[in-house]
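Work through these short exercises with the structure open. Each one sets a task and then solves it step by step.

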Amino acid sequence: MFDVAIIGGGPGGYVAAERAGAAGLSVVLFERKSLGGVCLNEGCIPTKTLLYGAKVYNYAVNGDHYGVYAQNPSFNYGEFVKRKDKVVKKLVGGIKAAMKGYKVQVVSESATIKGRSAEGIEIVAGSESYLCRNLLVCTGSEAAVPPFPGLKEAGEVIVTNREILALQEQPKELVVIGGGVIGMEFAAFYSTLGTKVTVVEMLPKILGPMDDEISSMLQGIYAKRGVNFCLKCKVTGIEGNTVVYEDPEGKQCRVSGDKILVSVGRRANFAGLGLENIGVEMATNPAGRPVGIKVDEHMRTNIPNVYAAGDVTGFSMLAHTASREGEVAINNILGKADRMRYNAIPGVVYTNPEVAGVGLTESEAKAKGIDFKVVKLPMAYSGRFVAENEGGEGICKLIVGAKYHEVLGAHMLGNPCSEIIQSMCIAIEQEMTLEQIKEVVFPHPTVGEIIKETAFALK
(Lines give C-alpha, C1' and ligand atoms only; values in the text may rest on other atoms or scores of the structure.)
Protein backbone atom coordinates (compact mmCIF):
# COMPACT_ATOMS: atom_id res chain seq x y z
CA MET A 1 0.00 0.00 0.00
CA PHE A 2 1.39 3.37 -1.05
CA ASP A 3 0.42 6.68 0.51
CA VAL A 4 0.39 8.31 -2.93
CA ALA A 5 0.30 6.98 -6.47
CA ILE A 6 1.11 9.45 -9.25
CA ILE A 7 0.35 8.74 -12.89
CA GLY A 8 2.58 10.86 -15.14
CA GLY A 9 6.17 11.93 -14.58
CA GLY A 10 6.10 15.42 -16.09
CA PRO A 11 6.52 18.75 -14.24
CA GLY A 12 3.35 18.13 -12.26
CA GLY A 13 4.07 14.50 -11.42
CA TYR A 14 7.76 14.46 -10.61
CA VAL A 15 7.62 17.68 -8.56
CA ALA A 16 4.67 16.26 -6.61
CA ALA A 17 6.64 13.04 -6.07
CA GLU A 18 9.59 15.02 -4.72
CA ARG A 19 7.40 16.97 -2.31
CA ALA A 20 5.58 13.85 -1.14
CA GLY A 21 8.78 11.89 -0.71
CA ALA A 22 10.41 14.76 1.20
CA ALA A 23 7.43 14.74 3.58
CA GLY A 24 7.96 11.05 4.32
CA LEU A 25 5.11 9.62 2.25
CA SER A 26 5.54 6.38 0.36
CA VAL A 27 5.19 7.15 -3.35
CA VAL A 28 4.89 5.19 -6.58
CA LEU A 29 5.24 7.12 -9.85
CA PHE A 30 4.08 5.69 -13.16
CA GLU A 31 5.66 7.06 -16.36
CA ARG A 32 5.40 5.06 -19.59
CA LYS A 33 7.91 7.20 -21.51
CA SER A 34 10.69 9.33 -20.05
CA LEU A 35 10.70 11.18 -16.74
CA GLY A 36 10.25 14.90 -17.27
CA GLY A 37 7.26 14.54 -19.56
CA VAL A 38 6.65 16.63 -22.66
CA CYS A 39 8.28 19.71 -21.13
CA LEU A 40 11.68 18.15 -20.66
CA ASN A 41 11.70 15.70 -23.56
CA GLU A 42 9.61 17.27 -26.32
CA GLY A 43 8.94 20.87 -25.32
CA CYS A 44 10.33 23.49 -22.97
CA ILE A 45 13.91 22.35 -22.50
CA PRO A 46 14.85 21.10 -26.00
CA THR A 47 13.29 24.14 -27.69
CA LYS A 48 15.09 26.56 -25.38
CA THR A 49 18.36 24.73 -25.98
CA LEU A 50 17.92 25.14 -29.73
CA LEU A 51 16.83 28.76 -29.37
CA TYR A 52 19.90 29.59 -27.30
CA GLY A 53 22.13 28.07 -29.98
CA ALA A 54 20.43 30.27 -32.58
CA LYS A 55 20.86 33.29 -30.31
CA VAL A 56 24.61 32.64 -29.97
CA TYR A 57 24.85 32.37 -33.75
CA ASN A 58 22.93 35.63 -34.12
CA TYR A 59 25.34 37.35 -31.72
CA ALA A 60 28.27 36.10 -33.79
CA VAL A 61 26.73 37.38 -37.01
CA ASN A 62 26.03 40.78 -35.45
CA GLY A 63 29.15 40.99 -33.32
CA ASP A 64 30.29 44.11 -35.15
CA HIS A 65 27.54 46.02 -33.29
CA TYR A 66 29.63 45.49 -30.17
CA GLY A 67 33.07 45.87 -31.69
CA VAL A 68 33.57 42.13 -32.12
CA TYR A 69 34.43 40.80 -35.59
CA ALA A 70 34.07 37.14 -36.57
CA GLN A 71 35.10 35.91 -40.01
CA ASN A 72 32.21 34.17 -41.79
CA PRO A 73 30.36 32.83 -38.73
CA SER A 74 28.48 29.62 -39.43
CA PHE A 75 26.53 26.96 -37.57
CA ASN A 76 26.16 23.19 -37.67
CA TYR A 77 22.52 22.13 -37.39
CA GLY A 78 23.51 18.60 -36.42
CA GLU A 79 25.54 19.95 -33.50
CA PHE A 80 22.51 21.93 -32.33
CA VAL A 81 20.52 18.69 -32.25
CA LYS A 82 23.30 16.77 -30.48
CA ARG A 83 23.58 19.42 -27.78
CA LYS A 84 19.81 19.44 -27.34
CA ASP A 85 19.81 15.68 -26.82
CA LYS A 86 22.72 15.94 -24.37
CA VAL A 87 20.95 18.56 -22.28
CA VAL A 88 17.74 16.50 -22.17
CA LYS A 89 19.62 13.34 -21.20
CA LYS A 90 21.43 15.14 -18.38
CA LEU A 91 18.25 16.60 -16.93
CA VAL A 92 16.31 13.33 -17.19
CA GLY A 93 19.16 11.72 -15.28
CA GLY A 94 18.83 14.41 -12.64
CA ILE A 95 15.16 13.63 -12.13
CA LYS A 96 15.92 9.91 -11.87
CA ALA A 97 18.47 10.67 -9.17
CA ALA A 98 15.97 12.88 -7.34
CA MET A 99 13.35 10.12 -7.39
CA LYS A 100 15.89 7.70 -5.93
CA GLY A 101 16.89 10.25 -3.30
CA TYR A 102 13.29 10.74 -2.19
CA LYS A 103 12.67 6.96 -2.23
CA VAL A 104 10.03 7.21 -4.96
CA GLN A 105 9.35 3.92 -6.72
CA VAL A 106 9.30 4.61 -10.46
CA VAL A 107 7.34 2.20 -12.68
CA SER A 108 8.07 2.52 -16.40
CA GLU A 109 4.73 1.20 -17.60
CA SER A 110 1.35 2.54 -18.71
CA ALA A 111 -0.97 2.71 -15.72
CA THR A 112 -4.71 2.03 -15.66
CA ILE A 113 -7.07 2.77 -12.78
CA LYS A 114 -8.81 -0.52 -12.04
CA GLY A 115 -11.19 0.46 -9.27
CA ARG A 116 -11.72 1.79 -5.77
CA SER A 117 -12.67 -0.02 -2.59
CA ALA A 118 -12.38 0.28 1.18
CA GLU A 119 -8.83 -1.04 0.83
CA GLY A 120 -7.77 1.77 -1.47
CA ILE A 121 -7.45 2.68 -5.13
CA GLU A 122 -6.14 -0.09 -7.36
CA ILE A 123 -3.85 0.66 -10.29
CA VAL A 124 -2.61 -1.88 -12.81
CA ALA A 125 0.68 -1.39 -14.66
CA GLY A 126 2.19 -4.17 -16.75
CA SER A 127 1.50 -7.41 -14.94
CA GLU A 128 1.50 -5.83 -11.48
CA SER A 129 -1.25 -4.34 -9.33
CA TYR A 130 -0.68 -1.47 -6.90
CA LEU A 131 -2.84 -0.14 -4.06
CA CYS A 132 -2.73 3.46 -2.88
CA ARG A 133 -4.52 5.67 -0.37
CA ASN A 134 -4.34 8.75 -2.60
CA LEU A 135 -4.11 9.13 -6.35
CA LEU A 136 -2.75 12.10 -8.31
CA VAL A 137 -3.27 12.14 -12.09
CA CYS A 138 -0.68 14.18 -14.04
CA THR A 139 -0.83 12.71 -17.53
CA GLY A 140 -0.31 16.01 -19.36
CA SER A 141 -1.34 16.84 -22.91
CA GLU A 142 -0.52 16.25 -26.56
CA ALA A 143 -0.50 18.43 -29.64
CA ALA A 144 -3.96 19.08 -31.05
CA VAL A 145 -4.01 18.25 -34.77
CA PRO A 146 -7.18 19.41 -36.56
CA PRO A 147 -8.53 17.10 -39.30
CA PHE A 148 -7.48 19.32 -42.18
CA PRO A 149 -8.40 17.71 -45.52
CA GLY A 150 -5.29 16.06 -46.96
CA LEU A 151 -3.33 16.18 -43.71
CA LYS A 152 -2.93 12.41 -43.34
CA GLU A 153 -1.94 12.02 -46.97
CA ALA A 154 0.86 14.59 -46.50
CA GLY A 155 2.76 12.07 -44.37
CA GLU A 156 6.12 13.13 -42.95
CA VAL A 157 5.78 16.66 -44.28
CA ILE A 158 3.48 17.30 -41.31
CA VAL A 159 5.19 17.75 -37.94
CA THR A 160 4.15 18.74 -34.43
CA ASN A 161 6.45 19.95 -31.66
CA ARG A 162 7.56 16.34 -31.17
CA GLU A 163 8.61 15.52 -34.74
CA ILE A 164 10.19 18.88 -35.51
CA LEU A 165 12.54 18.46 -32.55
CA ALA A 166 13.70 15.16 -34.01
CA LEU A 167 14.61 16.61 -37.42
CA GLN A 168 18.21 15.91 -38.41
CA GLU A 169 18.25 18.47 -41.21
CA GLN A 170 17.19 22.10 -41.34
CA PRO A 171 14.21 22.71 -43.63
CA LYS A 172 14.79 25.36 -46.28
CA GLU A 173 11.16 26.45 -46.09
CA LEU A 174 8.81 26.03 -43.13
CA VAL A 175 5.09 26.75 -42.90
CA VAL A 176 3.82 27.20 -39.35
CA ILE A 177 0.09 26.74 -38.79
CA GLY A 178 -0.63 28.65 -35.59
CA GLY A 179 1.04 31.82 -34.35
CA GLY A 180 0.93 30.97 -30.65
CA VAL A 181 3.89 30.49 -28.33
CA ILE A 182 5.08 27.20 -29.83
CA GLY A 183 4.66 28.42 -33.39
CA MET A 184 6.50 31.67 -32.76
CA GLU A 185 9.40 30.00 -30.97
CA PHE A 186 10.02 27.63 -33.88
CA ALA A 187 9.53 30.50 -36.33
CA ALA A 188 12.17 32.45 -34.40
CA PHE A 189 14.62 29.55 -34.31
CA TYR A 190 14.45 28.60 -37.96
CA SER A 191 14.24 32.13 -39.36
CA THR A 192 17.42 33.01 -37.44
CA LEU A 193 19.18 30.14 -39.21
CA GLY A 194 17.99 31.32 -42.62
CA THR A 195 14.92 29.14 -43.18
CA LYS A 196 12.12 30.88 -45.07
CA VAL A 197 9.23 30.89 -42.58
CA THR A 198 5.54 31.61 -43.12
CA VAL A 199 3.12 31.77 -40.18
CA VAL A 200 -0.56 31.16 -40.94
CA GLU A 201 -2.80 32.27 -38.06
CA MET A 202 -6.61 32.33 -37.91
CA LEU A 203 -6.73 35.14 -35.34
CA PRO A 204 -5.98 38.80 -36.13
CA LYS A 205 -2.84 38.67 -33.96
CA ILE A 206 -0.06 36.34 -32.91
CA LEU A 207 0.48 35.04 -29.34
CA GLY A 208 -3.23 34.63 -28.62
CA PRO A 209 -4.10 36.03 -25.17
CA MET A 210 -0.84 37.88 -24.62
CA ASP A 211 -0.75 41.70 -24.64
CA ASP A 212 -1.91 43.09 -28.00
CA GLU A 213 0.67 45.88 -28.25
CA ILE A 214 3.59 43.63 -27.39
CA SER A 215 2.38 40.89 -29.76
CA SER A 216 2.23 43.48 -32.54
CA MET A 217 5.74 44.72 -31.74
CA LEU A 218 7.18 41.20 -31.83
CA GLN A 219 5.44 40.51 -35.13
CA GLY A 220 6.95 43.68 -36.57
CA ILE A 221 10.44 42.67 -35.45
CA TYR A 222 10.23 39.25 -37.09
CA ALA A 223 8.54 40.61 -40.20
CA LYS A 224 11.62 42.81 -40.68
CA ARG A 225 13.72 39.66 -40.36
CA GLY A 226 11.85 38.00 -43.20
CA VAL A 227 9.09 35.99 -41.50
CA ASN A 228 5.86 36.19 -43.51
CA PHE A 229 2.68 36.50 -41.42
CA CYS A 230 -0.74 35.54 -42.80
CA LEU A 231 -3.21 36.69 -40.13
CA LYS A 232 -6.98 36.19 -40.11
CA CYS A 233 -6.38 33.29 -42.47
CA LYS A 234 -8.26 30.00 -42.19
CA VAL A 235 -6.56 26.79 -43.30
CA THR A 236 -8.89 24.81 -45.56
CA GLY A 237 -6.65 21.91 -46.52
CA ILE A 238 -3.23 20.39 -47.12
CA GLU A 239 -2.08 19.37 -50.59
CA GLY A 240 1.22 17.53 -50.30
CA ASN A 241 3.68 20.09 -48.98
CA THR A 242 1.29 22.99 -49.58
CA VAL A 243 -1.07 24.69 -47.12
CA VAL A 244 -4.26 26.01 -48.66
CA TYR A 245 -5.97 28.83 -46.77
CA GLU A 246 -8.52 31.60 -47.13
CA ASP A 247 -7.29 35.16 -46.64
CA PRO A 248 -9.43 37.82 -44.84
CA GLU A 249 -11.24 38.60 -48.12
CA GLY A 250 -12.12 34.95 -48.71
CA LYS A 251 -9.57 34.49 -51.47
CA GLN A 252 -7.96 31.05 -51.68
CA CYS A 253 -4.19 31.20 -51.17
CA ARG A 254 -1.37 28.65 -51.05
CA VAL A 255 2.03 28.47 -49.40
CA SER A 256 4.51 25.58 -49.56
CA GLY A 257 7.31 24.30 -47.34
CA ASP A 258 9.64 21.37 -46.83
CA LYS A 259 7.86 20.89 -43.51
CA ILE A 260 4.49 22.03 -42.18
CA LEU A 261 4.41 22.57 -38.42
CA VAL A 262 0.94 22.22 -36.88
CA SER A 263 0.91 24.17 -33.62
CA VAL A 264 -2.69 25.16 -32.95
CA GLY A 265 -2.83 24.19 -29.28
CA ARG A 266 -2.82 21.15 -27.03
CA ARG A 267 -5.40 18.75 -25.62
CA ALA A 268 -5.45 16.92 -22.31
CA ASN A 269 -4.41 13.26 -22.12
CA PHE A 270 -7.05 11.33 -20.20
CA ALA A 271 -8.23 8.59 -22.58
CA GLY A 272 -7.53 5.03 -21.46
CA LEU A 273 -6.70 5.90 -17.86
CA GLY A 274 -9.77 4.16 -16.45
CA LEU A 275 -11.14 7.31 -14.83
CA GLU A 276 -14.65 6.05 -15.55
CA ASN A 277 -13.94 3.01 -13.36
CA ILE A 278 -14.00 5.23 -10.28
CA GLY A 279 -16.45 7.86 -11.53
CA VAL A 280 -14.15 10.85 -11.94
CA GLU A 281 -16.07 13.85 -13.29
CA MET A 282 -14.76 15.63 -16.39
CA ALA A 283 -14.71 19.32 -17.27
CA THR A 284 -16.52 20.00 -20.56
CA ASN A 285 -16.55 22.67 -23.25
CA PRO A 286 -19.73 24.57 -24.29
CA ALA A 287 -20.52 21.74 -26.71
CA GLY A 288 -20.46 19.25 -23.85
CA ARG A 289 -17.27 17.47 -24.89
CA PRO A 290 -14.80 16.51 -22.13
CA VAL A 291 -11.66 18.65 -22.15
CA GLY A 292 -9.97 17.64 -18.91
CA ILE A 293 -10.39 16.37 -15.37
CA LYS A 294 -12.58 18.64 -13.26
CA VAL A 295 -10.89 19.81 -10.05
CA ASP A 296 -11.45 22.39 -7.33
CA GLU A 297 -8.93 24.95 -6.04
CA HIS A 298 -7.32 22.23 -3.92
CA MET A 299 -6.81 20.08 -7.06
CA ARG A 300 -9.35 17.55 -5.76
CA THR A 301 -11.71 15.72 -8.10
CA ASN A 302 -15.24 14.70 -7.14
CA ILE A 303 -13.85 11.40 -5.83
CA PRO A 304 -12.32 11.37 -2.31
CA ASN A 305 -8.52 11.08 -2.28
CA VAL A 306 -8.27 11.49 -6.06
CA TYR A 307 -6.49 14.58 -7.37
CA ALA A 308 -5.35 15.90 -10.76
CA ALA A 309 -2.72 18.48 -11.75
CA GLY A 310 -1.20 19.96 -14.87
CA ASP A 311 -2.38 19.90 -18.47
CA VAL A 312 -4.75 16.99 -17.86
CA THR A 313 -7.14 19.45 -16.19
CA GLY A 314 -7.37 21.29 -19.52
CA PHE A 315 -7.01 24.68 -17.82
CA SER A 316 -3.61 26.38 -17.56
CA MET A 317 -1.32 24.34 -19.80
CA LEU A 318 2.07 25.52 -18.57
CA ALA A 319 4.83 23.50 -16.94
CA HIS A 320 5.21 25.87 -14.00
CA THR A 321 1.45 25.80 -13.41
CA ALA A 322 1.59 22.00 -13.32
CA SER A 323 4.40 22.00 -10.76
CA ARG A 324 2.53 24.34 -8.44
CA GLU A 325 -0.71 22.38 -8.85
CA GLY A 326 1.17 19.20 -7.95
CA GLU A 327 2.48 20.88 -4.80
CA VAL A 328 -1.03 22.05 -3.87
CA ALA A 329 -2.35 18.49 -4.26
CA ILE A 330 0.38 17.01 -2.06
CA ASN A 331 -0.06 19.71 0.59
CA ASN A 332 -3.76 18.91 0.80
CA ILE A 333 -2.99 15.19 1.03
CA LEU A 334 -0.70 16.07 3.94
CA GLY A 335 -3.52 18.02 5.60
CA LYS A 336 -2.00 21.45 4.95
CA ALA A 337 -4.28 24.32 3.95
CA ASP A 338 -3.26 25.23 0.41
CA ARG A 339 -5.14 26.29 -2.69
CA MET A 340 -4.31 27.07 -6.30
CA ARG A 341 -4.44 30.68 -7.49
CA TYR A 342 -4.23 31.66 -11.14
CA ASN A 343 -4.05 35.45 -10.92
CA ALA A 344 -0.26 35.53 -11.19
CA ILE A 345 0.70 32.77 -13.63
CA PRO A 346 3.51 34.09 -15.87
CA GLY A 347 3.76 33.40 -19.58
CA VAL A 348 7.01 33.64 -21.52
CA VAL A 349 7.87 33.45 -25.22
CA TYR A 350 11.57 32.65 -25.74
CA THR A 351 11.99 34.48 -29.01
CA ASN A 352 14.78 37.02 -29.49
CA PRO A 353 13.76 39.44 -28.03
CA GLU A 354 11.84 37.62 -25.32
CA VAL A 355 8.25 38.33 -24.33
CA ALA A 356 6.95 37.90 -20.79
CA GLY A 357 3.67 38.72 -19.11
CA VAL A 358 1.70 38.07 -15.95
CA GLY A 359 -1.71 39.08 -14.69
CA LEU A 360 -4.31 41.05 -16.63
CA THR A 361 -3.74 42.56 -20.06
CA GLU A 362 -5.43 45.78 -21.13
CA SER A 363 -8.04 43.80 -23.06
CA GLU A 364 -8.82 41.55 -20.11
CA ALA A 365 -9.09 44.48 -17.69
CA LYS A 366 -11.52 46.22 -20.06
CA ALA A 367 -13.58 43.03 -20.47
CA LYS A 368 -13.86 42.72 -16.69
CA GLY A 369 -14.99 46.32 -16.35
CA ILE A 370 -12.06 47.19 -14.08
CA ASP A 371 -11.13 50.84 -13.60
CA PHE A 372 -7.42 50.77 -14.43
CA LYS A 373 -4.48 52.76 -15.70
CA VAL A 374 -1.64 51.81 -18.03
CA VAL A 375 1.89 53.01 -17.44
CA LYS A 376 4.72 52.04 -19.77
CA LEU A 377 8.27 52.89 -20.74
CA PRO A 378 10.68 51.80 -23.47
CA MET A 379 13.28 49.32 -22.22
CA ALA A 380 15.86 51.92 -23.24
CA TYR A 381 15.21 53.60 -19.88
CA SER A 382 17.38 50.79 -18.46
CA GLY A 383 21.09 51.48 -18.92
CA ARG A 384 21.91 47.78 -18.80
CA PHE A 385 19.41 47.09 -21.59
CA VAL A 386 20.97 49.73 -23.83
CA ALA A 387 24.47 48.41 -23.09
CA GLU A 388 23.57 44.82 -24.01
CA ASN A 389 20.97 45.24 -26.76
CA GLU A 390 22.39 47.43 -29.51
CA GLY A 391 19.44 48.87 -31.42
CA GLY A 392 17.13 46.54 -29.51
CA GLU A 393 13.44 47.25 -29.16
CA GLY A 394 11.62 46.74 -25.89
CA ILE A 395 8.87 47.93 -23.62
CA CYS A 396 7.69 47.51 -20.03
CA LYS A 397 3.96 47.95 -19.45
CA LEU A 398 2.19 47.84 -16.10
CA ILE A 399 -1.58 47.57 -15.62
CA VAL A 400 -2.60 49.07 -12.26
CA GLY A 401 -5.80 49.84 -10.40
CA ALA A 402 -6.97 53.43 -11.04
CA LYS A 403 -7.50 54.29 -7.36
CA TYR A 404 -4.81 52.52 -5.34
CA HIS A 405 -2.35 51.74 -8.17
CA GLU A 406 -2.11 48.08 -7.17
CA VAL A 407 -0.39 45.94 -9.79
CA LEU A 408 -2.90 43.98 -11.86
CA GLY A 409 -0.65 42.98 -14.75
CA ALA A 410 2.85 43.37 -16.17
CA HIS A 411 3.94 42.79 -19.76
CA MET A 412 7.39 43.11 -21.28
CA LEU A 413 9.27 42.81 -24.55
CA GLY A 414 13.06 42.71 -24.43
CA ASN A 415 15.91 40.53 -23.17
CA PRO A 416 16.04 39.13 -20.55
CA CYS A 417 12.45 39.74 -19.42
CA SER A 418 11.96 36.02 -18.77
CA GLU A 419 14.34 36.42 -15.83
CA ILE A 420 12.68 39.46 -14.25
CA ILE A 421 8.94 38.78 -14.72
CA GLN A 422 8.83 36.77 -11.47
CA SER A 423 9.24 39.99 -9.49
CA MET A 424 5.91 41.08 -10.94
CA CYS A 425 4.39 37.71 -10.05
CA ILE A 426 5.31 38.43 -6.44
CA ALA A 427 3.94 41.98 -6.71
CA ILE A 428 0.57 40.71 -7.93
CA GLU A 429 0.42 37.89 -5.37
CA GLN A 430 1.19 40.33 -2.55
CA GLU A 431 -1.14 43.02 -3.96
CA MET A 432 1.70 45.54 -4.05
CA THR A 433 1.11 49.09 -5.20
CA LEU A 434 3.40 51.22 -7.33
CA GLU A 435 4.22 53.29 -4.23
CA GLN A 436 5.54 50.16 -2.53
CA ILE A 437 7.55 49.16 -5.59
CA LYS A 438 9.14 52.62 -5.63
CA GLU A 439 10.52 51.94 -2.13
CA VAL A 440 12.26 48.72 -3.18
CA VAL A 441 16.00 48.99 -3.83
CA PHE A 442 16.85 47.49 -7.24
CA PRO A 443 20.46 46.59 -8.07
CA HIS A 444 22.11 48.91 -10.59
CA PRO A 445 22.72 48.49 -13.43
CA THR A 446 20.13 45.81 -14.23
CA VAL A 447 17.41 45.48 -16.82
CA GLY A 448 15.06 44.79 -13.90
CA GLU A 449 15.31 48.44 -12.91
CA ILE A 450 12.87 49.16 -15.72
CA ILE A 451 10.10 48.05 -13.36
CA LYS A 452 10.92 50.75 -10.83
CA GLU A 453 11.41 53.34 -13.58
CA THR A 454 8.00 52.44 -14.99
CA ALA A 455 6.42 52.76 -11.54
CA PHE A 456 7.72 56.33 -11.32
CA ALA A 457 6.36 57.10 -14.79
CA LEU A 458 2.73 57.04 -13.65
CA LYS A 459 1.24 60.50 -14.05
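**Exercise 1. Check the span of helix α6, residues 181-192.**
Helices are DSSP runs of H or I with at least four residues, strands are runs of E with at least two, and both are numbered from the N terminus. The expected span is 1.5 Å times one less than the number of residues. For the 12 residues of α6 that gives 16 Å. The end C-alpha atoms of α6 lie 17 Å apart, which agrees.

This is a predicted model, in which local features need pLDDT of at least 70, side-chain atom pairs count only at pLDDT 80 or more, and totals for chains, interfaces and linings use all residues. Residues are numbered from 1 along each chain as its sequence is written, and side-chain values use heavy atoms, with hydrogens and water left out.

**Exercise 2. Decide how far α6 is enclosed.**
Start with the cut-offs: buried is under 20% relative accessible area, exposed over 50%, and partly exposed in between, with a 1.4 Å probe and protein chains only. Next, list the buried residues of α6: G183, M184, E185, F186, A187, A188, F189, Y190 and S191. That is 9 of 12, so α6 is largely enclosed by the rest of the structure. Then look just after α6: G194 has a positive phi of about 105°.

**Exercise 3. Describe how α3 and α4 cross.**
Take α3 (residues 44-61) and α4 (residues 77-101). Axes are lines fitted to C-alpha atoms, for helices over the stretch in contact, with angles from 0 to 180 degrees between N-to-C directions. The two axes come within 9 Å and cross at roughly 140°. Under 35 degrees is roughly parallel, over 145 roughly antiparallel, 65 to 115 roughly perpendicular, and the rest oblique. The pair α3 and α4 is therefore oblique. For contacts, use heavy atoms within 4.5 Å. Residues I45, P46, T49, L50, G53 and A54 of α3 meet F80, V81, R83, K84, V87, V88 and L91 of α4.

**Exercise 4. Lay out the sheet that contains β13.**
Strands pair if DSSP finds at least two bridges between them. The order is β12-β13-β14, an open sheet of 3 strands with antiparallel pairing. Its edge strands, β12 (234-239) and β14 (252-256), each pair on one side only. The twist averages 25° from one strand to the next. Strands β13 (residues 242-246) and β14 share 5 bridges. One bridge partner is R254 in β14, matched with V244.

**Exercise 5. Place E431 and judge its exposure.**
E431 sits in the loop between α11 (421-429) and α12. Its phi is positive, about 55°, although E431 is not a glycine. At 63% relative accessibility, E431 counts as exposed.
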